[in-house]
Amino acid sequence: MDHNTPILGLGLESSCDETSAAVVKNGSEILSHEIFSQVDLHSEYFGVVPEIASRSHLEVINGLIQKALDDAKISFSDLHYVAATQRPGLVGSLLIAVQSAKAISFVHKIPFIGVNHLEAHLYAPFLEEKNPVYPFIGLLVSGGNTAIYIVRGPGEYELIGKTVDDAVGEAYDKVSKFLNLGYPGGPHIERIARTAKIRKQLFPKILADTGPQDTRFSYSGIKTAVVNYIRQYPDADTAEIVWSFQERAIEILARRVFTIARLHNITTIVVAGGVAANGRLRELLNETKRDSEDIIIPSPLLCTDNGAMVAGIGYRYYTLGIHNDLHTDVKARA
Ligand code: KG4
């Protein structure tokens, strides 16, 4: 193949409640990007219903793939590889993108690359202007995960710490459900917290004073503290409560990230996942960072689940000659 030939990859995502298809050139340039969010289907349940999710993925994925190819002005025969999120996620949902990718791989004789969703999230900034340099600290904050990694290269991850119970996004969603603020909780809580007139802390710090070696996160205690407070003070101001909750929820993220980065002498920090869209988190990280430190957060569209990040990390594996056979199954866990 001519070295100047652009490498075109199709990335498919269906691990939770977004169906997405994207065409990415050379692992860096998004040529087309389709995302269908199922939020409206799940909002009355205040959480993702797996059976509804997989059915919806199945209904929309073919249309999204065709639209992604049309928008990129290419056809299946122009693709060099097809990548799909293969783990972790809801099994019935994962299957939809993975089976579609395998069918495309089989029919068009191009490699199929099964992607780790968490790794794909941390690839998102490579699709934008400012590329992180390896090694970097990866903070992954979403509805299903809260974890810190040292990322030394594609596929080279060291898990440094993770939540021992709920994920941070899950805590946002549960507090929002309890206060009846809407689903998903993150954007509602962020908006309402901004209106708090009295900004006095009501809840204890999460995992305070456990020492710098402690790399754990925990979100079930703060959720219970909020619920208990509301039961005790039913007339308390909602904005003040969610302001306090949010400050505590993100304080531990900033605390852990900088402690770990400085301990390992790493100055680039990448934040990814749905909660990375939170403006207060961005603000706190930027307030706390030193001049020598760089915080890289993808734009909100690339923070949530999307196919472009899947095509992007898929490119790295494609160029390394790594791909999966068609017997590869999906996995609920990473
Ligand atoms: O990464 P994501 O789209 O899906 C997975 O969890 O896989 O993340 C969704 C999570 C939800 O829990 C949602 O409440 C949270 O991200 N989220 C936010 C914000 N936007 C979305 N949390 C805090 N502030 C936000 N602005």
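1. Let's start in the first sheet: Leu12 stands opposite Ala84 in S4. That pair belongs to a parallel match between strand S1, residues 8-13, and strand S4, residues 81-87, held over 4 bridges. Bear in mind as you read on that this is a predicted model.

2. Zooming out from S1 and S4, the sheet they belong to is an open one of 5 strands, ordered S3-S2-S1-S4-S5, and its pairing is mixed. Strand S3 (29-37) and strand S5 (112-116) have a single partner strand each, so they stand at the edges with one side lacking a neighbour in the sheet. On average, and with direction ignored, neighbouring strands here are turned by 20 degrees against each other. If you are checking side-chain directions along these strands, the usual background applies: side chains in a regular strand alternate between the two faces of the sheet.

3. Now the other sheet. It is open too, with 5 strands in the order S8-S7-S6-S9-S10 and mixed pairing. Which strands stand at its edges? They are S8 and strand S10 (294-296); each has a single partner strand, so one side of each goes without a neighbour in the sheet. The average turn between neighbouring strands of this sheet is 25 degrees, direction ignored.

4. Two pairings in that sheet deserve a look. Strand S7 (residues 146-153) and strand S8 (residues 156-162) run antiparallel and are joined by 6 bridges, with Tyr149 standing opposite Leu159 in S8. The two strands make a hairpin with 2 residues between them, and Gly155 in the turn shows a positive phi of about 80 degrees. Strand S9 (residues 268-272), by contrast, runs parallel to S10 and is joined to S10 by 3 bridges. In that pairing Ile269 is set opposite Ile295 in S10.

5. On to the ligand, which is probably what you opened the file for. Where does it sit relative to the domains? Both domain 1 (8-123 + 304-319) and domain 2 (132-297) give residues to the shell around the ligand, so the ligand lies between them. There are 18 residues around the ligand, and Gly143, Asp173, Glu190, Gly274 and Asn278 come nearest. By class, the shell splits into 4 nonpolar, 11 polar and 3 charged residues.

6. Among the helices, helix H5 (168-179) and helix H6 (185-193) each supply at least two residues of that shell. H6 gives the most, with 4 residues.

7. For the polar contacts, I'd look at three distances. A nitrogen atom of the ligand has a polar side-chain atom of Glu190 at 2.8 Å. A polar backbone atom of Gly274 is 2.9 Å from an oxygen atom of the ligand. In the side chain of Asp305, an N or O atom is 3.3 Å from an oxygen atom of the ligand. As for cover, the ligand has 560 Å² of accessible area on its own, and the protein covers 89% of that.

8. Last, some backbone geometry to keep in mind before you set anything up. As a rule, most peptide bonds are trans, and most residues other than glycine have a negative phi. Which peptide bonds are cis here? One of them joins Tyr134 and Pro135, with omega about -10 degrees; Pro135 is in the loop between helix H4 (117-123) and strand S6 (136-141). Another runs from Tyr183 to Pro184, again cis, with omega near -10 degrees. Pro184 belongs to the loop between H5 and H6, the two helices already mentioned as suppliers of the ligand shell.

9. One more backbone value: Lys73 has a positive phi, near 60 degrees, although this residue is not a glycine. Lys73 is placed in the loop between helix H2 (50-71) and S4. S4 is the strand that pairs with S1 in the parallel sense, which brings us back to the Leu12 and Ala84 pair from the opening point.

Key:
Residues numbered from 1 in each chain as written. Predicted model: local features only at pLDDT ≥ 70, side-chain atom pairs only at ≥ 80, totals over all residues. Heavy atoms only, no water. Near = heavy atom within 4 Å. Polar contact = N/O pair within 3.5 Å; in protein donor to acceptor, adjacent residues only side chain to side chain. Areas by Shrake-Rupley, 256 points an atom, 1.4 Å probe, with all protein chains shown as cover. Nonpolar A, V, L, I, M, F, W, Y, C, P; charged D, E, K, R; others polar. Domains from an automatic or database assignment. Pairing = 2+ DSSP bridges. Axes fitted to C-alpha atoms, helices over the stretch in contact; angles between N-to-C directions.
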